[in-house]
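Let's walk through this one together as a set of questions and answers. Have a look at the sequence and fold first, then read on.

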Amino acid sequence: MINNLAEHQKLEWIDLTDPTTEELSVIAEKYKLHPALVNDCLQPDHLPKYERMEDYAFIIFRIHTQNNVAEADTVQELTHKIAFFYSDHFLITVHRRTHDLIAPIAELIKNEKCGSTLDLLNLLISACLNTYTEPLNKLAKSVDYYEEIVFLRPKKAPLLKGLYYLKRKIDLLKRMLILSYDIIDALDAKEGNVNTRDTRDLYVKHQSMLDSLAENIHQLLAIYFSASSQKTNEIMRVLTIFSVFFMPLTFIVGIYGMNFEFMPELKWKMGYPGVMGLMVVVTVAIYFWFKRKGWL
């Protein structure tokens, strides 16, 4: 669907929502858009990019979806694509779904509060970046939640699975913002202004927040595996101590269980209590030896 959201001497904004091939062909022919770039608009999983042509610039930006699926961890599950064809005279936006960020900006255009395509592009990119604000805050709360579990609560099986999907989301969103750097850099170039600087600051804020979350989640995973390893080592330590106690006792029982004919202790009246006493002495000796070494 083609919507002409702004059309006057300084600004023309064409918004295409889930366009057909014919509609894209009409727009491409009218504004002399390169076929390869038009083809990129049709790829739902295309990563962010910025490409400068002779008369216009082509931008692909990925915005965060409103998908609340806990185990979403792919580009298409977590983000949607918006393509921009930008020049001094027109701006064309192409997207498959209707997004909430379009209508408020279109209202600003109607009220003539946006005087150039650069200002309009800046508003749109800033709105795209703002779609990451709430998800990043939720991710931060999730990291705090898992920190509490790792440090204060008993370990459970779902913990590692939750940490995995949290790590996947953070790494994927971080990659989306890294790939979007050229877009922000081109937007806030020499012809930039206060508004484009605010957009860059918002980008840097999100990037810093993702860097911090990524570092925290990697530390949590390291601590989780370290704690799991320590717990395993503690179990092995206890089992080893028990085995050390029983090794000499098993040795003694093995000797007197051979039943050879010429074993004087077998017919000795005090043989049984003597061996039992020897076992007690050996056990006590091992116990005090471990105590002295600090192993108990």
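Q: How far is the sulfur of cysteine 41 from the closest cysteine sulfur, and in which residue does that sulfur sit?
A: This is a predicted model, in which local features need pLDDT of at least 70, side-chain atom pairs count only at pLDDT 80 or more, and totals for chains, interfaces and linings use all residues. Residues are numbered from 1 along each chain as its sequence is written, and side-chain values use heavy atoms, with hydrogens and water left out. A disulfide is a pair of cysteine sulfur atoms within 2.5 Å. The gap here is too far for a bond: the distance is 14 Å, to the sulfur in cysteine 128.

Q: How many disulfides does the structure hold?
A: Cysteine 128 is in no disulfide, with its nearest cysteine sulfur, that of cysteine 41, 14 Å away. For the structure as a whole, the number of disulfides is zero.

Q: Is cysteine 128 buried or exposed?
A: Buried means under 20% relative accessible area, exposed over 50%, and partly exposed in between (1.4 Å probe, protein chains only). Cysteine 41 has a relative accessible area of 4%, so it counts as buried. For cysteine 128 the value is 0%, so the answer is buried.

Q: Which helix gives the most residues to the largest nonpolar core?
A: A nonpolar core is a set of buried Ala, Val, Leu, Ile, Met, Phe, Trp, Tyr and Cys residues joined through side-chain atoms within 4.5 Å. This one has 55 residues, and those touching the most other members include Trp13, Phe61, Leu120 and Ile125. Helices (H or I, at least four residues) and strands (E, at least two) are DSSP runs, numbered from the N terminus. With nine residues, the top contributor is helix α9 (residues 194–256).

Q: Which residues does leucine 120 touch, beyond those up to four places away in sequence?
A: Contact means heavy atoms within 4.5 Å. Leucine 120 is one of the residues that touch the most other members of the largest core. Its partners are Leu11, Trp13, Leu91, Ile105, Ile109 and Cys114.

Q: What is the bridge partner of isoleucine 14 in β6?
A: Strand β2 (residues 12–17) has six of its six residues buried, so it is largely enclosed by the rest of the structure. Glu12, Ile14 and Leu16 point one way from β2, while Trp13, Asp15 and Thr17 point the other way. Two strands pair if DSSP finds at least two bridges between them, and β2 pairs with β6 (residues 91–95) in the parallel sense over five bridges. In β6, isoleucine 14 is matched with isoleucine 92.

Q: Is aspartate 18 buried, partly exposed or exposed?
A: Aspartate 18 is in the loop between β2 and α1 (21–31), and it has a positive phi of about 45° although it is not a glycine. Most residues other than glycine have a negative phi. At 45% relative accessibility, aspartate 18 counts as partly exposed.

Q: Where is lysine 32?
A: Lysine 32 is not a glycine either, yet its phi is positive, at about 55°. With 68% relative accessibility, this lysine counts as exposed. Its place is in the loop between α1 and α2 (35–41).

Q: With which residues is arginine 200 in contact, leaving aside neighbours within four places in sequence?
A: Arginine 200 is found in helix α9. At 13% relative accessibility, arginine 200 counts as buried. Its contacts are Tyr181, Ile184, Asp185 and Asp188.
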